[in-house]
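New to this one? Take a look at the sequence and the structure below, and then we can walk through some of the main pieces together.

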Amino acid sequence: MITYRRILALVSLITGLIFISATAYFIRQDERQHAHERNGELLALRVTYEVHLAELEHNLINLAQMLASEPEVIRLMSSAAQLPRGVDGSINQDALDSLRDGLRTVIDPQWQVMQDQLGIRQLQLTTPDLISLLRQHAPDEHGDSLERVRPMLEAARRDRVAHSGFEIGRAFAGLRGVVPVLAQQPNSTPQLVGLIEIGALLDGHIARLTNSTGVGYGVLLNPAAVSPTMWQAFQPPTSNGDHSCCFLLATSRHELRYWVGSGQLHPVNAPYRIERLHADGRDFDLLRFPLHDFLGQTVASRPPVGALAVWRDVTPALQAQQAARTEKIVSGLLGFLLVQGLILGVARLSRREWQAQLAAQTREVSTLAQRNEVLLMAAEEGIFGIDLEGRTRFINTSALRMLGFRQDEIEGERQHLLFHHSHHDGQPYPEADCPIAKTLKDGVVRRQEDWFTRRDGRGFPVELTCAPLIEDGRLNGAVVVFHDISDNKQREEALIALANTDALTGVANRRHFLERLQAELGRVGRHATQASLLMIDLDHFKRVNDTYGHATGDEVLRNLAALARQTLRQSDVIGRVGGEEFAALLPDDDAASAVQTAERLRKALETHPVITADGVQVMVTASIGVTRLRATDQKPEAPLGRADEALYLAKNQGRNRVVLHPGDQTTQDSD
Ligand SMILES: Nc1nc2c(ncn2[C@@H]2O[C@H](COP(=O)(O)OP(=O)(O)OP(=O)(O)O)[C@@H](O)[C@H]2O)c(=O)[nH]1
């Protein structure tokens with residue numbers, strides 16, 4: 001079941017996830033931005049390095065060119081080819097030393113300036129066949145061949161143009177510029193008389209870059225590139241032990257020396273990427289770029305000989321980044337707490353309001369329920385409710401009293417089987433005809449008179465109203481309201497009887513008798529059955545009144561009515577149709593049978609005189625006219641007329657007799 005607390009927990013969880021995701025997203029965006037910026041800055045620093053390097057190379061070539069254009073230098077280097085040689089072809093050592101002294105004397109002033117002011121660390125002159133003629137920076141090293149160990153010198157000799165670049169030599173690894181020394185010959189092409197090479201260490205170059213940019217620069221060499229060419233005594237220091245990654249050729253800050261020494265750096269030829277390194281409790285980002293030597297600049301397949309390392313202190317940036325991250329987390333947390341507080345506040349207010357509404361509604365429902373209960377139980381009408389199967393769901397006190405059942409006997413039981421099973425005449429009451437069952441099917445309100453049966457088997461008439469019970473928008477049963485109409489029925493029947501009865505004699509009055517006669521005429525017309533009509537008139541009744549008084553006359557009339565009731569069948573109808581005139585309707589009697597009945601009545605009257613209060617016997621006779629009802633008779637006046645005619649005959653023939661209408665005497669089927 002979804003509870004209020006669970007909904008709140010779910011909303012809090014979702015809100016929390018949203019804030020965590022948003023905070024993580026913004027932090028990640030921030031970090032990406034910083035990384036992008038750091039990468040861009042390091043790349044810019046590399047470009048700065050390259051630009052400075054190109055400038056330095058250009059300067060080296062210019063310096064070498066300056067010497068190569070010096071006439072005394074050209075002359076001395078040209079004379080090297082003419083130096084006296086021994087029988088084995090070797091140059092005379094004394095002559096060579098003399099030439100070298102001459103050259104040193106010429107270039108020494110400029111060499112001093114180059115060292116002191118321009119940071120130049122190498123100056124070498126070679127013969128055209130690349131024999132070291134003079135190493136100004138290493139005066140005692142000369143006479144060795146540079147063929148196949150110095151590609152830049154070979155290129156300058158071959159191309160006769162200046163070249164520059166990084167190259168690892170025997171005594172020196174650094175930036176070099178090489179120019180050919182050409183001697184002009186009259187009317188011929190210039191003759192190559194030697195090569196001048198000027199080199200500079202990278203230390204000064206990267207130190208200047210560090211001064212101008214504030215970041216560290218360093219040059220690392222691949223051991224495999226150093227060993228074959230460089231003399232052992234000149235090889236730069238390498239890293240320690242198993243972590244040997246490279247030679248450290250130059251560095252502008254001490255951190256790189258520390259990282260190389262402690263083996264924290266990847267090998268020089270590892271894939272290049274930004275490395276996060278630590279030194280002196282600070283954080284650094286280091287980026288390495290491949291370093292190609294002179295030959296590698298022209299031969300694409302030649303691997304780099306080392307790497308240029310650029311690193312910068314990112315401690316402040318990381319601290320700022322960490323602060324920004326903390327700020328974002330705190331902001332996210334505060335935002336979450338604020339939203340959470342708002343949600344909880346709104347939820348609490350809504351809950352209170354909802355609870356107040358619920359309490360008010362509950363009170364209202366409870367009051368209504370109590371009121372309904374009181375109304376239900378106090379109602380005079382019987383009220384019960386049933387479900388769709390016709391089972392009683394509730395019933396009030398009046399209904400129980402009228403039906404004679406206890407509540408536990410009736411609740412849950414099918415009302416139709418319990419007290420609605422029979423008609424008033426005892427015939428079974430099919431459920432298909434039951435108005436309550438119909439309402440359960442079609443939801444239509446019904447009101448009608450009906451018949452319920454009490455627990456003791458006695459039935460009683462009811463007027464019931466059956467209304468559908470709609471719950472949650474659908475038909476879910478019915479409510480029946482009824483009341484006992486026994487008294488009404490009795491009053492109604494009494495009124496009807498009163499309206500139909502002659503007050504003096506208790507037989508049917510004229511209006512009712514005519515109604516019954518009309519009905520019988522219809523039956524005879526439809527079913528061709530027999531029926532007869534008697535018209536009875538007391539003889540000389542006026543005399544009775546005149547002799548014994550009106551009250552006795554009334555008694556005589558009552559006596560006739562009583563005798564007629566005794567003589568005639570129960571199904572016969574006796575009516576007083578005039579003052580002292582009676583008529584009798586005899587259903588199912590033909591004319592002969594009617595004459596016999598009339599005769600019995602005449603005789604009964606003859607033998608049953610009325611005795612007055614004084615004990616006087618009042619003898620009265622009656623004349624009776626008889627006719628049978630005919631299928632052609634449309635109105636009561638027709639048979640009444642014939643009966644009157646027969647009566648008239650009886651009177652005329654002397655009274656106290658029965659006369660059948662002449663039309664009925666010969667044939668009974670004249671109609
Ligand atoms: N006591 C009494 N007399 C009634 C009542 N209705 C009619 N009468 C009398 O019945 C008498 C009828 O008299 P008539 O019509 O002359 O006929 P009759 O005297 O019976 O003579 P016949 O019919 O010719 O034999 C009248 O005197 C009426 O006053 C009644 O309700 N009570």
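Here is a quick tour, moving roughly from the start of the chain to its end. Keep in mind that this is a predicted model. There are two five-strand open sheets to get to know, one with antiparallel pairing and one with mixed pairing. There are also a couple of helix pairs, α2 with α3 and α16 with α17.

**Near the start of the numbering**

- The unreviewed UniProt entry puts a "transmembrane region" at residues 7–27.
- In the model, that span is 100% helix and 0% strand, and its end C-alpha atoms are 30 Å apart.

**Helices α2 and α3**

- Helix α2 covers residues 71–79 and helix α3 covers residues 93–118; their axes come within 10 Å and cross at roughly 165°.
- With that angle, α2 and α3 are therefore roughly antiparallel to each other.
- The crossing of α2 past α3 is left-handed.
- On the α2 side, the contact uses E72, V73, L76 and S79, while α3 brings in L99, G102, L103, V106 and I107.
- Sort those contact residues by type and you get six nonpolar, two polar and one charged.

**The antiparallel sheet**

- Its five strands line up in the order β12-β11-β15-β14-β13, and the sheet is open.
- The edges are β12 and β13 (446–453), each of which pairs on one side only.
- On average, neighbouring strands here are turned by 30° against each other, ignoring direction.
- Helix α13 (residues 435–442) packs on this sheet and touches β13, β14 and β15 (474–484), with its direction at about 135° to that of β13.
- At one end of the order, strand β11 (residues 382–386) runs antiparallel to strand β12 (residues 392–395), and three bridges join them.
- One of the pairings there puts F384 with I395 of β12.
- β11 and β12 make a hairpin with five residues between them, and G390 in the turn has a positive phi of about 85°.
- At the other end, eight bridges tie β13 to strand β14 (residues 459–471), again antiparallel.
- In that pairing, E449 sits opposite E463 of β14.

**The mixed sheet**

- This open sheet also has five strands, in the order β17-β18-β16-β21-β22.
- β17 (573–576) and β22 (658–660) are at the edges with a single partner strand each, so one side of each has no neighbour in the sheet.
- From one strand to the next, the twist averages 20°.
- Strand β16 (residues 531–538) and strand β21 (residues 622–628) run antiparallel and are joined by seven bridges.
- Look for L538, whose bridge partner in β21 is A622.
- Helix α15 (residues 510–527) packs on the sheet, touching β16, β17 and β18 (581–587), and its direction makes about 140° with that of β17.
- Helix α19 (residues 637–652) packs on the sheet as well, touching β16, β18, β21 and β22; its direction makes about 140° with that of β21.

**Helices α16 and α17**

- Helix α16 (residues 541–548) and helix α17 (residues 550–567) pack with their axes 6 Å apart, at an angle of about 135°.
- That angle is under the 145° cut-off for roughly antiparallel, and α16 and α17 are therefore oblique to each other.
- F541, V544, N545 and Y548 of α16 meet H550, T552, G553 and V556 of α17.
- By type, this contact has four nonpolar residues, four polar ones and no charged ones.

Terms used. Residues numbered from 1 in each chain as written. Predicted model: local features only at pLDDT ≥ 70, side-chain atom pairs only at ≥ 80, totals over all residues. Axes fitted to C-alpha atoms, helices over the stretch in contact; angles between N-to-C directions. Helix = DSSP H or I, 4+ residues; strand = E, 2+ residues; numbered from the N terminus. Parallel < 35°, antiparallel > 145°, perpendicular 65-115°, else oblique. Left-handed = near helix turned anticlockwise from the far one by under 90°. Contact = placed C-beta atoms within 7 Å. Nonpolar A, V, L, I, M, F, W, Y, C, P; charged D, E, K, R; others polar. UniProt positions renumbered as here; feature names shortened; annotations may be inferred. Pairing = 2+ DSSP bridges.
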